[in-house]
4 protein chains.
Amino acid sequence: MCGVFGIYFGRSEAARYTYLGLYALQHRGQESCGMVTTDGVNFTAYKDMGLVSDVFTDEKLAQLPGNVAIGHVRSALAGKSSVLNAQPFLVQSRFGMVALAHNGNLVNATSLSQKLQETGAVFQTNADTEIILNLLARADTANVEDAVIAACRELKGSFALTIIAGDKLIGIRDPLGIRPLCLGRFSDGYVLASESCALNTIGAEFVRDVLPGEMIVIGPQGFNSYYYGGQPLGESLCIFEYIYFARPDSTLAGRNVYQVRSAIGAQLAREYSIDADVVVPAPDSGTTAALGFAKESGIPFEFGLIKNRYVGRTFIQPTQALRNLSVKIKLNPVNPVLADKRVILIDDSVVRGTTSAKTVRLLREAGAKEVHLCVASPPYIKPCFYGIDTPSEEQLLAANYSLPEIQSHIGADSIHFLSLAGLHTAVGSGAEKMCGACFTGQYPL
Amino acid sequence: MCGVFGIYFGRSEAARYTYLGLYALQHRGQESCGMVTTDGVNFTAYKDMGLVSDVFTDEKLAQLPGNVAIGHVRSALAGKSSVLNAQPFLVQSRFGMVALAHNGNLVNATSLSQKLQETGAVFQTNADTEIILNLLARADTANVEDAVIAACRELKGSFALTIIAGDKLIGIRDPLGIRPLCLGRFSDGYVLASESCALNTIGAEFVRDVLPGEMIVIGPQGFNSYYYGGQPLGESLCIFEYIYFARPDSTLAGRNVYQVRSAIGAQLAREYSIDADVVVPAPDSGTTAALGFAKESGIPFEFGLIKNRYVGRTFIQPTQALRNLSVKIKLNPVNPVLADKRVILIDDSVVRGTTSAKTVRLLREAGAKEVHLCVASPPYIKPCFYGIDTPSEEQLLAANYSLPEIQSHIGADSIHFLSLAGLHTAVGSGAEKMCGACFTGQYPL
Amino acid sequence: MCGVFGIYFGRSEAARYTYLGLYALQHRGQESCGMVTTDGVNFTAYKDMGLVSDVFTDEKLAQLPGNVAIGHVRSALAGKSSVLNAQPFLVQSRFGMVALAHNGNLVNATSLSQKLQETGAVFQTNADTEIILNLLARADTANVEDAVIAACRELKGSFALTIIAGDKLIGIRDPLGIRPLCLGRFSDGYVLASESCALNTIGAEFVRDVLPGEMIVIGPQGFNSYYYGGQPLGESLCIFEYIYFARPDSTLAGRNVYQVRSAIGAQLAREYSIDADVVVPAPDSGTTAALGFAKESGIPFEFGLIKNRYVGRTFIQPTQALRNLSVKIKLNPVNPVLADKRVILIDDSVVRGTTSAKTVRLLREAGAKEVHLCVASPPYIKPCFYGIDTPSEEQLLAANYSLPEIQSHIGADSIHFLSLAGLHTAVGSGAEKMCGACFTGQYPL
Amino acid sequence: MCGVFGIYFGRSEAARYTYLGLYALQHRGQESCGMVTTDGVNFTAYKDMGLVSDVFTDEKLAQLPGNVAIGHVRSALAGKSSVLNAQPFLVQSRFGMVALAHNGNLVNATSLSQKLQETGAVFQTNADTEIILNLLARADTANVEDAVIAACRELKGSFALTIIAGDKLIGIRDPLGIRPLCLGRFSDGYVLASESCALNTIGAEFVRDVLPGEMIVIGPQGFNSYYYGGQPLGESLCIFEYIYFARPDSTLAGRNVYQVRSAIGAQLAREYSIDADVVVPAPDSGTTAALGFAKESGIPFEFGLIKNRYVGRTFIQPTQALRNLSVKIKLNPVNPVLADKRVILIDDSVVRGTTSAKTVRLLREAGAKEVHLCVASPPYIKPCFYGIDTPSEEQLLAANYSLPEIQSHIGADSIHFLSLAGLHTAVGSGAEKMCGACFTGQYPL
């Protein structure tokens with residue numbers, strides 16, 4: 001998972017606002033971050049491992065001049081942890097300097113890379129971004145906008161890109177719109193961001209989502225829209241954005257995330273009638289759904305588990321006794337609200353199931369008489385190929401075990417998954433067209 | 001504010017468990033931390049600026065051998081930010097090596113320091129801890145336990161200490177018991193901690209609070225209790241621990257903090273009947289009270305403000321426009337749950353009032369039709385001299401302005417403080433004896 | 001200036017020996033360093049800003065497995081200071097993984113880059129290395145060795161490369177041999193290095209210099225040599241390597257650097273007969289020549305200036321008085337050997353002249369009655385385009401002023417430059433074919 | 001070993017000049033450094049682990065206001081490596097704020113510490129400095145100057161102190177004057193420093209050495225001198241300062257260090273007539289003596305061993321083969337000046353003998369036909385108790401073995417130590433009264 005941002009306006013403070021925008025998108029990636037700024041002539045880039053607030057000091061921002069900028073936050077992916085993979089990429093090409101930030105995942109990366117290598121391309125990283133830039137630079141087009149489209153037409157998979165080329169800021173989304181991207185108006189210019197929360201943070205006005213298969217080109221005269229995706233296939237936004245990734249205050253495809261999560265909780269309560277004393281969220285991702293569940297069911301909501309806000313770097317403890325305590329560092333049960341209670345635990349999803357099992361055990365140790373796990377999504381049965389770092393199918397609990405086996409593995413008294421139809425109901429009209437391949441195996445490509 | 005910890009048991013892993021204990025107490029201080037360990041013969045100390053998880057790497061912990069340890073987390077106090085002030089202090093004295101960690105504040109520090117200097121003492125820091133150690137070392141007693149008592153009898157103010165002297169672990173609390181300290185049983189030994197949450201984290205069993213005026217001496221044969229405070233004056237635990245400082249899952253003086261906060265919210269709802277659409281907490285400190293308020297009032301609870309979990313180091317932005325955005329980095333309004341709503345905002349307290357004013361403005365910008373601020377504590381009118389870093393009286397909003405003036409300063413449609421009696425009711429029997437000097441000006445000393 | 005290294009042998013400790021080799025070449029570049037290792041299948045890379053001993057910790061080396069490695073040290077060049085420019089570069093290409101480290105400078109970099117961009121190449125850095133790799137990847141050859149040669153045939157300028165391609169280690173030098181590269185035998189394999197001192201450090205046996213226009217390919221069966229440079233043009237090794245760059249214990253083109261410097265000093269003494277009391281080197285670069293001068297002239301050699309070995313990062317002092325002291329931090333005059341003496345100061349070269357002027361003033365302040373500056377090289381009148389970071393012609397003192405003007409600028413009683421013929425004599429037979437363009441303006445290309 | 005500095009003048013830039021002074025004294029200690037500055041009212045302190053140029057950034061210096069300052073550089077001593085031991089110490093006492101920096105070593109530290117503890121003192125470090133400050137604070141005197149004297153009268157051992165007390169800068173030396181301290185005039189004030197090189201660096205004028213048993217008190221009216229040492233015993237300056245510690249450009253007790261070292265070399269040449277081809281110094285400490293030796297003997301001087309200037313942090317290599325290379329990282333033999341030569345190696349001293357043995361082996365591997373080690377000091381047979389971190393007697397090579405055994409251990413063809421009388425001759429009149437206990441066992445106390 002990653003987050004992208006872009007700004008084009010009339011003041012030479014693009015870096016400052018990109019900093020704030022990336023801050024707002026930090027939940028989409030904490031491993032590395034970066035930005036490229038330009039005044040239309042000179043380009044400056046800076047990227048490093050770490051959080052936005054650590055990488056971009058006041059001094060660094062002062063060294064990033066210009067009225068146009070793009071930025072990126074990147075999440076840790078196994079085995080690729082290096083500043084060389086940090087984004088945006090800034091390259092010199094036949095279209096001049098081009099900077100590009102990418103959220104998504106190409107499913108034809110290997111074949112594209114192979115084909116490009118056959119004609120002499122070299123790749124310094126295993127980032128999809130380098131592939132896109134090579135395609136762009138080889139496009140047989142008169143201008144860079146057409147080159148962007150030519151390149152994107154060769155891509156299969158998900159991509160939401162912010163690009164600086166020449167004196168233009170470009171935003172583009174894959175024809176299925178799997179990863180989100182939206183457009184805002186700010187001061188005398190425009191802003192692009194993975195989520196609307198980044199617009200809010202800088203005080204930009206939400207204009208609309210960039211559409212699937214649409215390219216937005218922003219310049220001194222405002223923005224122009226180009227469709228390149230042929231027949232629009234309808235939006236296939238990743239439905240997991242609503243369940244887990246996006247920030248609650250963001251609005252994606254016209255639906256506020258907080259409200260969707262609340263509706264999911266309510267739907268779950270409608271689907272399963274459980275006799276219990278208290279509804280407890282697995283913090284933080286289960287909180288909003290739990291609130292919706294509690295309201296619908298009438299069962300009191302309580303913070304039975306408090307998350308430690310100071311959990312930083314952790315390391316392997318030398319003994320099993322110490323290792324067993326690790327979950328207690330992160331989650332602190334409030335015993336009085338749990339003791340002798342029948343607890344409904346609300347979690348956003350069950351992937352491997354290890355965290356859920358630990359959480360259930362924690363609740364029992366705190367005195368819970370019963371623990372019923374209600375999951376705010378359908379069983380997670382297929383890996384994602386569109387940008388989410390999921391384990392392979394054999395590690396997905398729900399892909400390999402029956403419900404009673406899952407319940408026994410988790411150690412809960414009962415376990416209840418939201419139905420796919422219920423998820424669609426909660427998300428609202430059009431939800432059935434969204435990408436829910438992780439729950440259905442029906443990949444949109 | 002600070003947090004102290006101590007452990008005495010039969011395995012040479014005292015550092016590992018102290019690490020976990022300090023982790024659980026991290027909310028009591030994030031500036032510096034440290035620990036001293038011993039096997040009864042050799043003493044090892046390590047302290048540094050920063051969070052527990054940054055200061056104590058696996059390698060550092062491996063270099064802190066022994067079955068006895070004390071630890072400390074310290075919060076930032078203006079102008080004293082240096083590793084020299086980090087605790088615990090470890091000194092060589094006529095009683096051998098003595099290590100001491102202190103939570104609290106001495107009101108007679110200046111006169112004690114003066115008196116000690118007159119007879120030749122030198123002070124390397126302005127920490128109270130050094131004063132206590134000098135008094136201890138000068139005590140005309142046969143053993144170190146008596147020296148601890150002799151030193152503590154000269155102290156005025158609040159103190160909760162963990163001490164290693166010789167082969168003993170000592171915990172001691174001031175005669176009024178202003179700062180908390182509790183005792184737990186762990187494996188074949190005992191644990192001391194500022195809050196019970198640290199016992200839970202390592203899996204220790206809560207035994208009881210160390211009493212006001214009590215010294216607990218832990219050795220190979222278990223623990224002994226000594227009263228040194230003369231006629232016990234009754235517990236004057238800082239009532240602000242319940243309102244703000246302590247972690248919700250801790251139990252202080254027999255009352256669970258989460259439950260007290262929930263009761264405070266309910267009491268506030270009983271005291272003020274406000275016609276509104278939604279109850280929104282100022283995260284994180286107002287959350288539990290807001291939940292209690294919502295339940296009692298029947299007005300729906302919603303997370304109208306989401307706290308950004310990645311806020312790190314911040315710096316002064318160069319323009320006013322950018323500075324105005326700083327609150328938006330930290331707090332993100334969920335517009336759909338606020339727009340056109342009459343909002344009850346629940347905050348734990350109003351000290352200077354600057355944060356409250358910013359939060360109210362944020363809610364209005366998000367579309368709230370009305371904002372009613374309900375404060376989960378009485379007006380804060382007097383500085384604390386017992387360990388809380390408060391501004392001087394002229395900076396305390398409620399000490400200098402009338403209720404209408406405060407309301408106007410905050411920009412709320414109405415503002416409501418919990419009554420003192422209401423606070424006492426929510427905390428429960430004995431609350432009226434607790435220290436609430438910040439609300440009443442009646443200092444227990 | 002940079003330094004390159006490569007090793008191919010039968011033990012999986014290539015990283016350890018590359019570390020030692022880079023250590024020995026550290027004088028050729030202190031800004032960044034890096035290495036790529038491989039076992040023939042997997043490639044591992046690590047590079048960062050900083051000295052070899054800071055970048056490569058024990059832990060890092062343990063994560064660089066393999067029996068083949070190349071390494072690089074890079075010196076700071078204005079405006080290009082970033083880890084992205086650190087070498088070696090490791091790319092995926094149609095020849096598989098290729099790693100490349102470069103010492104030198106291409107004079108046709110701009111036109112090559114332009115041409116490559118026109119056919120779709122993108123450049124992430126302004127390093128020549130990326131150009132070479134793109135040429136290599138586009139070469140229409142059956143194997144990677146031929147591709148290396150095809151790429152090098154397009155290059156104009158200086159280059160000494162170490163390359164890993166597939167299971168081969170390759171070393172190659174430009175047809176003029178401007179930058180040095182030598183071959184050594186080590187254990188059951190071979191080593192390549194910019195200077196022979198790196199062979200000595202790891203205990204490798206010097207075999208011979210890689211020849212101008214020669215490619216050495218090292219594999220499991222030993223090494224093969226290929227000439228690609230057409231008619232060898234004769235060695236045009238940079239003569240400044242002897243004067244300044246190379247380490248005294250290195251042997252380049254059959255001449256030991258220390259001995260050449262000593263001969264230069266003697267030659268200088270033969271060229272100019274100066275009546276003086278003491279010969280003092282400008283440390284460290286003038287030391288060996290000063291020793292040669294003293295022996296030839298019979299005037300006593302003394303360390304009149306001691307270099308402070310702890311000079312680290314420096315910053316601009318706020319007042320002129322403080323700024324004037326900066327040279328005194330670095331160079332400490334030994335007054336008793338200077339007071340009332342007629343001093344011959346030996347420096348390696350005069351580029352801008354600022355350091356020489358400061359050094360002369362320092363000697364005078366220490367009591368020197370006369371200061372005669374003898375320069376161990378001819379007047380430096382032209383910029384270098386082959387890998388040395390020199391100022392533009394208008395900043396070169398000797399390019400713009402007459403001898404009396406230079407003398408007056410430096411503040412010396414007399415100033416004497418080594419003659420070009422004298423330099424050739426000291427370096428020995430073949431010296432007149434070496435590149436001395438900085439002294440003559442006769443660039444070999 | 002440590003270095004101390006102090007400045008009192010009329011401008012509020014004391015920190016800047018102390019920085020330069022400490023830079024010049026960096027060779028006396030590289031582990032930690034610090035300074036205390038004052039305007040006579042407020043005191044500011046900063047100290048940390050590391051080199052002067054790393055610890056004191058521009059920003060830090062800007063936060064150290066005042067016209068009076070003392071500073072300290074400290075060398076690493078086994079097992080005491082912590083910022084808590086860094087100097088100067090700044091304490092509050094009955095004489096107000098007192099800052100103190102100490103070079104030397106107390107032989108009665110344990111008994112003083114014991115005595116002070118018995119009357120209630122506590123010690124946070126094992127630095128002698130804390131003992132001196134406690135004595136000072138307990139002195140029954142009317143003013144702080146008398147307290148300094150009273151404290152110093154109780155000390156046995158070596159000490160050279162710079163102190164700020166109230167509005168005075170104080171320098172004081174032990175009655176034997178074992179560690180050096182000198183006084184300079186600078187601008188409208190005065191400077192104190194361990195070595196005169198620090199005066200030179202800032203452009204101060206050397207006034208004179210502080211005398212053994214003398215206290216210099218510097219205030220707005222200039223300086224006053226007080227003798228407290230009773231009958232002056234004559235100067236017992238550590239003779240090893242000339243051999244190894246002091247910087248060559250310093251002048252101690254009227255003798256320039258460079259000239260003494262040169263005379264030592266000449267004396268060594270007079271004592272031993274060796275048939276050899278070349279004189280080679282063990283860099284850097286043997287260089288000046290080697291030059292003197294070469295001049296006196298007529299045997300050519302050459303830099304046969306070049307020291308690598310970039311040697312930083314080193315770590316234990318995993319194999320013996322790699323460990324054997326460690327000396328080659330640091331010292332690089334210039335083979336052509338060594339091959340087939342009879343070499344005289346000049347080293348400053350032989351303590352454990354390990355380094356000498358490695359150096360001799362290095363010369364042989366480089367082709368030296370014979371290696372004759374000439375040592376610029378007598379056999380080192382006793383540990384130092386006055387401030388030099390020497391190994392215990394059983395680790396001193398010359399204390400435990402005969403000359404043939406030493407020669408065999410070192411692996412040299414012959415080994416020659418300077419005679420004690422010869423050392424005295426080279427140092428000059430008064431040398432026989434200096435402390436040479438490490439060579440004689442005759443400790444001055």
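## A strand with two faces

Let's start in chain B, where strand β21 (residues 414-417) has side chains that alternate. Ile415(B) and Phe417(B) point to one face and are buried, while Ser414(B) and His416(B) point to the other and are not. Buried here means that 20 or more other C-beta atoms, placed from the backbone, lie within 10 Å of the residue's own. A strand is a DSSP run of E with at least two residues, a helix is a run of H or I with at least four, and both are numbered from the N terminus.

β21(B) pairs in the parallel sense with strand β20 (residues 370-375) of chain B, over four bridges; pairing takes at least two DSSP bridges. In β21(B), Phe417(B) is the bridge partner of Val375(B).

## About the model

This is a predicted model: local features need pLDDT of at least 70 and side-chain atom pairs count only at pLDDT 80 or more, while totals for chains, interfaces and linings use all residues. Residues are numbered from 1 along each chain as its sequence is written, and chains are lettered from A and ligands numbered from 1 in the order in which they are written.

## How chains A and B relate

A turn of 180° and a shift of 0.0 Å along the axis lay chain A on chain B with an RMSD of 0.1 Å (least squares on C-alpha atoms of residues with pLDDT of at least 70 in both). The two copies are thus related as by a two-fold rotation axis. In chain A, the residue closest to that axis is Arg309(A), with its C-alpha at 3.9 Å.

## Where D meets B

Chain D and chain B each give 17 residues to their contact (C-beta atoms, placed from the backbone, within 7 Å). On the chain D side, β5 (89-93), α4 (109-118) and α5 (128-138) each give two or more residues.

Conventions:
Two residues are in contact if their C-beta atoms, placed from the backbone, lie within 7 Å. A residue is buried if 20 or more other C-beta atoms lie within 10 Å of its own, exposed if 12 or fewer, and partly exposed in between; C-beta atoms are placed from the backbone.
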